[in-house]
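Welcome, and please have your viewer ready. We will go from stop to stop, with something to select at each one.

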Amino acid sequence: QPWWIDHAFYPQPEGWPVLEDRFPLVPMTGLVEMMAAEATALVPGTVAIAVEGVRAFRWLAVEPAAHPVFTAAIDATATAARTDGATVVRTAIEGHSRAVVVVAPAFPAAPAPDTRELHGDIEIPDLTRVYPEGHLFHGPSYQGLRRFDRFAEDGSRGLLESQPATGALLDNAGQLFGYWVACKVDRDKLVLPTSVDRFSFFGPHPAPGTSVECVVFCTSLDDVHARADLELLVDGRVWCRIEGWEDRRFQSDAHLFGMLREPHRLLARQQPGGWWLVREEWPDSASREVVMRRFLGADERPAHLARNPRAQRTHLLGRIAAKDAVRGLLAEAGSPGAFPGEIEVHNTESGAPYVTSPVRDWLAGRDVRVSIAHSGPIGVALAASGADVGIDVEQVAVRSETFAASALGEAERERFAALTDPAFRDRELTRWWAAKEAVSKALGTGLGFRQRDLAVEEVHAAATGEVRLRIGRHWVTSTVITHPGSTAQEEYVVAWTDHPHP
């Protein structure tokens, strides 16, 4: 159906040729309407009066179009009729969602509107900015919010307009709830629906153009989930009552949330010395997938998904840092605005990273070279035009004498002992190791190089806390950063090469 493109999660540059990168999805409410339609077709002469136990397990992407849901019917099985004349139909879209649809010869009488009150007030947002500025990702077919009447401490009230698109009106009710959550909380503002206990219907679907009042009563809001009851009224009469609508909150700080809305912004942050740092602020797998699809295009995702989950985590951090290092370099050169998907990061057979921009060639004539490193929740990168660069990051940890012997030559071990306070042995040994890794990457020696083949010949400490090391003709700057660990602050050494003349 043509309107699915207006339920695409990731905006891309105008004219972007890969529809899959926009990630058009069938909304959960669209699945509900499709399953309800299948149920009434299975039991002729009935209407759907309720949909219960709605569970969404996995996003149903429209693209690639060969997805089985678009070539096979929804699985629906009718069970025994109930004493009130209704029939229960169990429906499922295998691997994606399931629900129980209750069908009957006619709709029940509408109940009186819910008399619960909303308490307190929070600032009502400017509706005119919600869709144009990407606060909600929905395109025209799913843009049914027409007025915000109240944002309270425990819910919201507004006006919707029924749209022709499948699932649009119920999705608009979910938008009112989801956007209220985003205004209510300080972080993890991104929410998407995962389940609904029950939709109850008391009349046919309002015709396109019909004004529909919607009220949201939040019943629970914690670090992971938000739950609410909703009611939709036409001319003061209850058309639909929704019980137990549950949204999943995806982990994202304000910086990430802003970048998801405005993808030309950078997620990694530039550091003194010109290198780029990204810290993982989305440790759960669902949130990580949201970030992954924002940064990796269709040609990059297969290599990422072929890795095990732990390797995917660090691989993604490295790709984010590298793309933002390149996008930052472009911005410094007067060409800002590249989306993450417009920069691709690949590896040579020896493992060295390189960048391309095949769709819209941002890199034409620039000879951009990049180096990437990652460790645990940290990703770093360094980019330059016309010069080989190297960067490494390593967690400070206890290093055995065997490790020291493999990393340092005999003369180096004497120099290391003379320069190093024994209290900081492990940190400084990690520093020397990281510096050698950075130089190895700049030299392009690959994974097979021996640490002992590169000798640290000079070490100079600066008042800023940085330490500079000379390895052959290369100067390396290093610094120590911290990151909260499971039990204490973890230390990481970052080392990067100066940019030699090309």
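## First stop: a serine in a loop

Start by selecting S357, which counts as buried at 5% relative accessibility. Keep in mind throughout that this is a predicted model. S357 sits in the loop between β14 (353-356) and β15 (368-375). Now add its surroundings: leaving out residues up to four places away in sequence, S357 touches E342, I343, W362 and L363. Which backbone atom lies 2.7 Å from a polar atom of the S357 side chain? Show the backbone of E342, and you will find that the atom is its oxygen.

## Zoom out to the whole chain

Next, select the full chain and switch to a cartoon view. The secondary structure comes to eleven helices and 21 strands. Along its principal axes, the C-alpha trace spans about 90 × 45 × 45 Å. If you colour by accessibility, 51% of the 502 residues count as buried. For a contact map, take the contacts with a separation of 6 or more: residues 24 or more positions apart account for 63% of them.

## Helix α6 and what surrounds it

Now select residues 285-295, which form helix α6. Is this helix largely enclosed or left open by the rest of the structure? Eight of its eleven residues are buried, so α6 is largely enclosed. To see them, pick S287, R288, V290, V291, M292, R293, R294 and F295. Then bring in the cover over these buried residues, which includes α5 (254-261), α7 (301-305) and α8.

Before moving on, look at the start of α6. There, a side-chain oxygen of D284 reaches to within 3.2 Å of the backbone nitrogen of A286.

Add residues 309-332, helix α8, and look at how the two helices cross. The axes of α6 and α8 come within 11 Å, and the crossing angle is roughly 40 degrees. The two helices are therefore oblique to each other, and their crossing is left-handed. Which side chains should you display at the contact? From α6, show R288, V291, M292 and F295; from α8, show R313, L316, I320, K323, D324 and R327. Coloured by class, this contact has five nonpolar and five charged residues, with no polar ones.

## A second helix pair: α10 and α11

Hide that pair and select residues 410-419 for α10 together with residues 425-443 for α11. These helices pack at an angle of about 135 degrees, and their axes are 11 Å apart. That makes α10 oblique to α11. Here the crossing is right-handed.

Turn on the side chains again. On the α10 side you want E412, R415, F416 and L419, which meet R425, E428, L429, W432 and K436 of α11. By class, the contact has four nonpolar and five charged residues, and no polar ones.

## Two loops with a positive phi

If you have a Ramachandran plot at hand, open it for this stop. Most residues other than glycine have a negative phi. Two residues to look up on the plot are F23 and D235.

- **F23.** This residue is not a glycine, yet its phi is positive, at about 60 degrees. Look for F23 in the loop between α1 (19-22) and α2 (28-42). Buried or exposed? With a relative accessibility of 6%, F23 counts as buried.
- **D235.** Phi is near 55 degrees here, again a positive value in a residue other than glycine. The residue is in the loop between β9 (225-234) and β10 (237-249). D235 counts as exposed, at 77% relative accessibility.

## Last stop: G85

Finally, select G85, in the loop between β2 (75-81) and β3 (87-93). Its relative accessible area is 38%, which makes G85 partly exposed. Setting aside neighbours within four places in sequence, G85 is in contact with V103, A104 and P105. To finish, draw a distance from the C-alpha atom of G85 to that of G158. These two glycines are 73 residues apart along the chain, and their C-alpha atoms are separated by 35 Å.

How values were computed. Residues numbered from 1 in each chain as written. Predicted model: local features only at pLDDT ≥ 70, side-chain atom pairs only at ≥ 80, totals over all residues. Heavy atoms only, no water. Axes fitted to C-alpha atoms, helices over the stretch in contact; angles between N-to-C directions. Helix = DSSP H or I, 4+ residues; strand = E, 2+ residues; numbered from the N terminus. Parallel < 35°, antiparallel > 145°, perpendicular 65-115°, else oblique. Left-handed = near helix turned anticlockwise from the far one by under 90°. Contact = heavy atoms within 4.5 Å. Nonpolar A, V, L, I, M, F, W, Y, C, P; charged D, E, K, R; others polar. Buried < 20%, exposed > 50% of the residue type's maximum accessible area, 1.4 Å probe, protein only. Polar contact = N/O pair within 3.5 Å; in protein donor to acceptor, adjacent residues only side chain to side chain.
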